[in-house]
Amino acid sequence: MAITLKHLEAFIMVSDLSSFRHAAERLHTTQPNISTRITALETLLGHQLLERDAGSVRLTHKGRELLVHARMVLAQRDNLIDAASANTLLDGTLRLGVTELIIQTWLSDFLAAIKRDMPNITVELTAGMSQNLSSILFDKTIDLSFQNGPFDRTTSGQIALGEYLMVWVCATKQSSTRPEDMTKHPILTLNRTTELYAEISTHFEALSGSKTHLVPNSNLVACHHMVRHNMGIAALPLTLVRDDLASGTLHRIPYTWVPAPLRFMARYEIERAPLYVTKAAALAAQVASIYNKN
């Protein structure tokens with residue numbers, strides 16, 4: 001019997017996820033198949049690679065040493081595919097995390113580009129707030145995230161996806177630019193743990209001297225819907241409300257201060273990312289750039 005790429009993929013996946021069950025899910029096979037591949041690889045190499053006890057999985061000293069080489073073998077496979085520009089040979093599941101803003105703007109263009117350039121890649125989508133996407137990125141539930149900063153932890157792979165300017169909007173036109181007039185309205189924003197909430201709260205409480213009525217929401221799309229129903233005012237990304245402003249459904253408030261632009265990044269870990277993850281991140285940057293220019 002010879003060592004196969006399936007042996008190495010199973011070894012790497014179990015090592016990354018610390019679970020035979022999760023590795024089986026990722027590789028679209030069964031847990032017994034993963035166990036069989038690991039056992040076969042250990043027999044062929046003559047070394048125990050993983051310690052299994054009480055439901056936990058840990059790399060042995062030799063396993064940590066050989067994992068580096070296993071990654072190099074798969075990386076060379078990817079390099080061969082890349083050099084041949086044979087993206088149709090890329091096969092796997094891209095677990096992608098995105099915020100609601102990306103869903104409402106250029107996600108469909110990105111998915112179409114993935115289908116065109118890497119037709120054998122399946123995308124599993126998770127939508128959530130940026131801070132939640134960071135958590136599941138670092139616990140390896142997803143491979144790649146499109147999210148806005150600030151970030152409390154860095155990733156080894158990070159590609160800029162552009163920034164989105166914020167504007168104040170309301171359903172009923174108003175011309176006042178005084179902070180005390182702005183704070184007469186409920187201000188719809190993200191939840192209390194976000195940078196946007198803190199930024200808006202600090203600004204108005206410092207200027208108006210009175211407590212600001214902030215209404216936290218799970219995402220900016222929810223804020224958008226509530227503003228359209230005249231339930232308050234909000235600072236929202238211009239790209240999200242551009243059509244509403246053009247049609248007169250919403251009105252821009254000429255208030256001089258706005259929160260900082262939302263800066264988005266594609267984030268992933270280079271050392272454990274298959275080629276299709278790095279290609280997807282680069283493709284996202286291209287798609288976002290085209291969308292932002294339109």
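Biologist: At roughly what angle do the axes of α1 and α4 cross?

Modeller: Before the numbers, keep in mind that this is a predicted model. Two packed helices are described by the angle between their axes and the distance between the axes. Here the axes of α1 and α4 cross at roughly 125° and come within 10 Å. Angles from 65 to 115 degrees count as roughly perpendicular and those over 145 as roughly antiparallel, so α1 and α4 are oblique to each other. Their crossing is left-handed.

Biologist: Which residues of α1 and α4 meet?

Modeller: From α1 you have Leu 5, Leu 8, Glu 9, Phe 11, Ile 12, Ser 15 and Asp 16. On the α4 side they meet Gly 63, Leu 66, Leu 67, Ala 70, Arg 71, Val 73, Leu 74 and Arg 77. Sorted by class, the contact of α1 with α4 has nine nonpolar, two polar and four charged residues.

Biologist: Okay, and at what angle do α1 and α3 pack?

Modeller: At about 110°, and the axes of α1 and helix α3 (residues 31-45) are 9 Å apart. α1 and α3 are therefore roughly perpendicular to each other. α1 brings Lys 6, His 7, Leu 8, Ala 10, Phe 11 and Val 14 to that contact, while α3 brings Ile 34, Arg 37, Ile 38, Ala 40, Leu 41 and Leu 44. The class count for α1 with α3 is nine nonpolar, one polar and two charged. Try clicking on Leu 8 and Phe 11: these α1 residues are in the contact with α4 and also in the contact with α3.

Biologist: Let me try another pair. Is the crossing of α6 and α12 left-handed or right-handed?

Modeller: Right-handed, for α6 and α12. The axes of helix α6 (residues 107-117) and α12 come within 9 Å and cross at roughly 130°, and α6 and α12 are therefore oblique to each other. From α6, the contact takes in Asp 109, Phe 110, Ala 113, Ile 114, Arg 116 and Asp 117, and from α12 Ala 280, Leu 283, Ala 284, Val 287 and Tyr 291. You'll find eight nonpolar, no polar and three charged residues in the contact of α6 with α12.

Biologist: On to pockets. What volume does the largest pocket have, and how many residues line it?

Modeller: Start with volume, then go to the lining. The largest pocket has a volume of about 960 Å³, and 37 residues line it. Nearest its centre are Glu 9, Leu 74, Arg 77, Pro 274 and Tyr 276. Elements giving two or more residues to this lining are α1 (5-17), α4 (61-83), β3 (92-98) and α12 (275-293). α4 gives the most, with nine residues. Glu 9, Leu 74 and Arg 77 should ring a bell, since these residues are also in the contact of α1 with α4. By class, the lining of the largest pocket has 16 nonpolar, five polar and 16 charged residues.

Biologist: How is the lining of the second largest pocket divided by class?

Modeller: For that second largest pocket, the split is 13 nonpolar, twelve polar and six charged. The second largest pocket holds about 670 Å³ of space. It is lined by 31 residues, and Ser 130, Asn 148, Gly 149, Pro 150 and Glu 195 are the closest to its centre. α7 supplies the largest share of the lining, five residues.

Biologist: Which peptide bond here is cis?

Modeller: Most residues other than glycine have a negative phi, and most peptide bonds are trans. In this model, the bond from Gly 149 to Pro 150 is cis, with omega near 5°. Pro 150 sits in the loop between β5 (144-148) and β6 (157-164).

Biologist: And what is phi of Ser 85?

Modeller: Near 50°, so to speak on the positive side, and Ser 85 is a residue other than glycine. Look for Ser 85 in the loop between α4 and β3.

Conventions. Residues are numbered from 1 along each chain as its sequence is written. This is a predicted model: local features need pLDDT of at least 70, side-chain atom pairs count only at pLDDT 80 or more; totals for chains, interfaces and linings use all residues. Side-chain values use heavy atoms; hydrogens and water are left out. On a 1 Å grid over the protein atoms alone, a cavity is a set of points where a 1.4 Å probe fits but cannot get out, and a pocket is an open set with protein on both sides within 12 Å along at least five of seven lines; lining residues have an atom within 4 Å of a point. Grid points are joined across faces, edges and corners, and a volume is the space filled by probe spheres set on the points. Helices (H or I, at least four residues) and strands (E, at least two) are DSSP runs, numbered from the N terminus. Ala, Val, Leu, Ile, Met, Phe, Trp, Tyr, Cys and Pro count as nonpolar, Asp, Glu, Lys and Arg as charged, and the others, Gly among them, as polar. Axes are lines fitted to C-alpha atoms, for helices over the stretch in contact, and angles run from 0 to 180 degrees between N-to-C directions. Angles under 35 degrees count as roughly parallel, over 145 as roughly antiparallel, 65 to 115 as roughly perpendicular and the rest as oblique. A crossing is left-handed if the near helix is turned anticlockwise from the far one by less than a right angle, and right-handed if clockwise. Contact means heavy atoms within 4.5 Å.
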